Amino acid sequence: MSSRGINVEAVQALHDERIDWRFKGMPSDAFGTTVGEFLATKPTVFGSGFVGPLLTLDRAALQHNLRTMADWCTEHGVQLAPHGKTTMAPQLFGQQLMNGSWSITAASTSQLRVYRAFGVERILFANELVDPSGLAWLADELDGDADFEFCCYADSVRGVQLMSEALASHGASRPVDVLVELGLPGGRTGARTKAEAREVADAVLASPVLRLVGVAGYEGEVAHDISDTSLSAVDGYLEHVRELVAELSEAGHFAGLEQVIVTAGGSAYFDQVAEALTKGWPAGLPVLPVIRSGGYLLHDDGFYRVRSPFSREHRLAGAESPFRPAMRIWAQVMSRPEPGLALLTMGRRDVSFDQGLPEPQVIRGADGVIREFPEGSCRVRGLADQHTFLELSGADPQVGDWVGFGLSHPCTVFDKWSLIPVVDGDEVIDLVRTFF
């Protein structure tokens with residue numbers, strides 16, 4: 001049933017789902033056919049009736065990014081638990097696990113239920129879990145599957161009490177593994193001081209239905225750019241995480257554990273996290289360093305193109321970033337109402353705009369040839385719900401032309417699409433199903 005931590009049969013069964021009006025961008029001629037039947041026709045982006053706007057994923061870029069990150073983690077001695085919230089796509093989870101990911105990270109009970117529906121065997125829940133209904137469901141999942149591994153965060157004694165009461169009242173037979181989360185003043189969740197974190201650890205140890213297995217943090221709340229000051233602040237925070245681990249170890253909180261999970265690492269500072277988590281630890285402390293980067297798989301043409309450690313390092317060296325953007329969205333020019341302006345069939349309902357606007361990259365005219373835009377010849381001035389305002393300063397797209405855009409911040413792109421073509425050139429070789 002499972003292979004490398006996911007139910008392969010459940011993932012493959014997504015090809016049995018029928019295409020219909022629920023999935024935007026799909027060809028009407030495909031309505032009523034299964035995904036597998038449609039793919040067997042060898043469809044193409046521009047020859048099979050897809051309608052715009054249409055988000056596509058580049059197969060070569062996806063495979064490249066999977067291998068690149070897997071190799072980097074192996075080289076640097078860290079495990080990868082990519083955050084699944086980026087895509088909520090079990091097909092992509094399976095590829096990440098097949099390429100060496102140790103686990104998949106979740107952040108909500110609803111996400112957790114999707115993961116389990118597809119048999120994900122090891123889940124790092126990077127959040128608090130205090131809802132009685134969610135905890136009861138989790139207890140049943142753990143009791144019903146001996147191979148299911150799960151751990152979540154705690155940052156307060158009150159949270160530990162709520163977890164313990166809910167699990168005990170439900171009659172849970174397996175303890176829930178817990179990581180003490182260390183935050184910072186003004187940040188997101190996490191105990192604000194190491195002293196508070198130690199109190200949480202004590203409470204977990206005292207609970208008969210919980211098991212303390214490590215420490216967690218998130219450095220992305222410390223800094224929001226790549227200035228020297230911000231990078232230094234990240235290092236400082238990670239040192240506090242290390243100190244907490246050492247203090248808990250010295251107090252005997254991890255006695256008897258075969259491994260102590262220490263985890264941090266979004267997609268912007270994972271190089272610093274890896275360095276911090278693989279430095280020397282107290283003798284005999286079996287630390288398992290885990291980073292949770294999720295954005296690497298898709299990369300982007302905006303937020304992570306600037307902030308990814310790979311991008312920073314290679315830009316300074318004058319080399320190309322090892323990650324490749326895997327997302328492109330196509331939209332059609334619908335109106336040229338005045339000089340210097342084009343309106344396209346794409347808006348806030350289709351693309352991200354929280355970390356930068358779409359970037360016009362290529363144009364496909366009436367002749368069917370795809371050409372790059374001259375640098376500086378156009379830019380997205382703004383987005384309405386269903387329209388893109390493309391400001392022109394040299395480019396001259398015509399009504400009916402197609403424009404391909406690069407996108408920023410994949411986390412707020414995927415939630416707008418439930419069925420996404422994966423392409424090899426113009427050929428559609430798969431359709432990725434998402435569950436938001």
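Let me start with two strands: in this predicted model, strand β11, residues 341-344, and β15 pair in the antiparallel sense over four bridges. Within that pairing, Ala342 has Leu390 of β15 as its bridge partner.

Strand β15 also pairs with β14, residues 378-383, and here five bridges join the two strands, which run antiparallel. β14 and β15 form a hairpin, with four residues between them, and Val380 stands opposite Leu390 in β15.

Which way do the side chains of β15 point? In a regular strand the side chains alternate between the two faces of the sheet. Along β15, residues 388-392, we find that alternation: Thr388, Leu390 and Leu392 point to one face and are buried, whereas Phe389 and Glu391 point to the other and are not buried.

Now to the helices. The axes of α6, residues 132-144, and α7, residues 157-170, come within 9 Å and cross at roughly 55°, and α6 and α7 are therefore oblique to each other. The contact is made by Pro132, Leu135, Ala136, Ala139 and Asp140 on the α6 side, and by Leu162, Met163, Ala166, Leu167 and His170 on the α7 side. As for handedness, α6 passes α7 in a right-handed crossing.

Finally, helix α9, residues 228-250, has 23 residues and reaches 33 Å from its first C-alpha to its last, close to the 33 Å expected at 1.5 Å a residue. An α-helix has 3.6 residues a turn, so residues three or four places apart point the same way. Among the buried residues of α9 are Leu231, Val234, Leu238, Val241 and Val245. Just after α9, Gly252 takes a positive phi of about 85°.

Terms used. Residues numbered from 1 in each chain as written. Predicted model: local features only at pLDDT ≥ 70, side-chain atom pairs only at ≥ 80, totals over all residues. Heavy atoms only, no water. Expected span 1.5 Å × (residues − 1). Buried < 20%, exposed > 50% of the residue type's maximum accessible area, 1.4 Å probe, protein only. Pairing = 2+ DSSP bridges. Axes fitted to C-alpha atoms, helices over the stretch in contact; angles between N-to-C directions. Parallel < 35°, antiparallel > 145°, perpendicular 65-115°, else oblique. Left-handed = near helix turned anticlockwise from the far one by under 90°. Contact = heavy atoms within 4.5 Å.
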